[in-house]
Amino acid sequence: MMQYFHRQVQLWGQERQELLQKKRIAIIGSGGLGSSLAFALGASGIGEIHMVDFDEVSLHNIHRQIAFTMEDVGKNKAQVNTHILKERCPYVEAIAHETDFETWSKKEIEVDLIIDATDNLPTRAAINSYAKEKGLPWVYGSVEAFHGQVAFIEKSSFSDSFKIVDKTPAGIAAPIVMHIASLQANLALRYLADLTVKKDLLYYLFFNDEGELVTQKFGLPK
């Protein structure tokens, strides 16, 4: 196992790598952010990963949801991602849940961290409520057009920080999805490996009209 994770072991040592094997996470949503998160975290050595999604792959998903190919159209997204996780890393137990978040939450599955890969504010509010009830931290991420947001939420409340509305997302550029998922994955991995993580801070990233990448930071109310 340590040979498989050789470059990570070089980074933080065998003890931290063994710690990751004891961790359990849930990725809520297995589409754009979710499939990128699965790639980023699935071969990192996290012991148990739950992929949650009721949706099936559609043709218009494929350009930005990197787990899927044309042959996957009509298949459940969580199942496809779980199959890839198992193929890429024999040291992770990957479990697919073909359901929405509300139904998954009633299963009372114990995890160390929840990662949001959904595409709507009401579901994120539900994740926040569940996390508060269970005393769990969670990683928020959202993308739209050429901008995105990321936050590691522990003491702050999503519902107090964002106006919860139900609206259809605008268009999305494929690379920003992978960029935001990568930032989410880095925060998650640092936390799970017991490294320092700045919590309850919102990172807002966007490309302005001149094509400059701008990063802003905002403290979330606690």
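**Close-ups of a predicted model: sheet, helices and overall build**

**View 1. The β1–β4 pairing in this predicted model.** Strand β1, residues 24-28, sits alongside strand β4, residues 113-116, and the two pair in the parallel sense. Four bridges hold the register between them. For a spot to zoom in on, pick A26: its bridge partner in β4 is I114.

**View 2. Helix α5 on the sheet.** Staying around β1 and β4, here's the helix that packs there: α5, residues 121-134. Besides touching β1 and β4, α5 touches β5 (138-144) and β6 (147-153). Compare directions and you get about 170° between α5 and β5.

**View 3. The whole sheet, strand by strand.** What is the order of the eight strands? Reading across, it goes β3-β2-β1-β4-β5-β6-β7-β8, and the sheet is open. The pairing is mixed, with β1 and β4 supplying one of the parallel pairs. Which strands are the edge strands? They're β3 (93-97) and β8 (213-219), and each of them pairs on one side only. Going from one strand to the next, the twist averages 15°.

**View 4. The β2–β3 end of the sheet.** β2 and edge strand β3 pair in the parallel sense, this time over five bridges. A handy residue pair to look for is H50 with I95: H50 stands opposite I95, which belongs to β3.

**View 5. Helix α3 and its β-α-β unit.** Now add α3, residues 77-88, which lies across β2 (48-52) and β3. Relative to β3, α3 runs at about 175°. Put β2, α3 and β3 together and you have a β-α-β unit; its handedness is right-handed.

**View 6. Zooming back out to the full protein.** Count up the secondary structure and you find seven helices and eight strands. The C-alpha trace spans about 45 × 40 × 40 Å along its principal axes. Is the radius of gyration in agreement or at odds with a compact globule? For 222 residues, such a globule would come in near 17 Å, and the protein has 17 Å, so the two agree.

**View 7. Inside and outside.** Of the 222 residues, 50% count as buried. If you like contact maps, take the contacts with a separation of 6 or more: 65% of them come from residues 24 or more positions apart. On the outside, the protein exposes about 11000 Å², with carbon and sulfur atoms supplying 50% of that area.

How values were computed: Residues are numbered from 1 along each chain as its sequence is written. This is a predicted model: local features need pLDDT of at least 70, side-chain atom pairs count only at pLDDT 80 or more; totals for chains, interfaces and linings use all residues. Side-chain values use heavy atoms; hydrogens and water are left out. Two strands pair if DSSP finds at least two bridges between them. Axes are lines fitted to C-alpha atoms, for helices over the stretch in contact, and angles run from 0 to 180 degrees between N-to-C directions. Contact means heavy atoms within 4.5 Å. The radius of gyration is taken over C-alpha atoms; the globule rule is 2.2 Å times the number of residues to the power 0.38. Buried means under 20% relative accessible area, exposed over 50%, partly exposed in between (1.4 Å probe, protein chains only). Accessible areas come from the Shrake-Rupley method with a 1.4 Å probe; for residues, only the protein chains shown count as cover. A crossover is right-handed if, with the strands pointing away from the viewer, the path from the first strand over the helix to the second runs clockwise.
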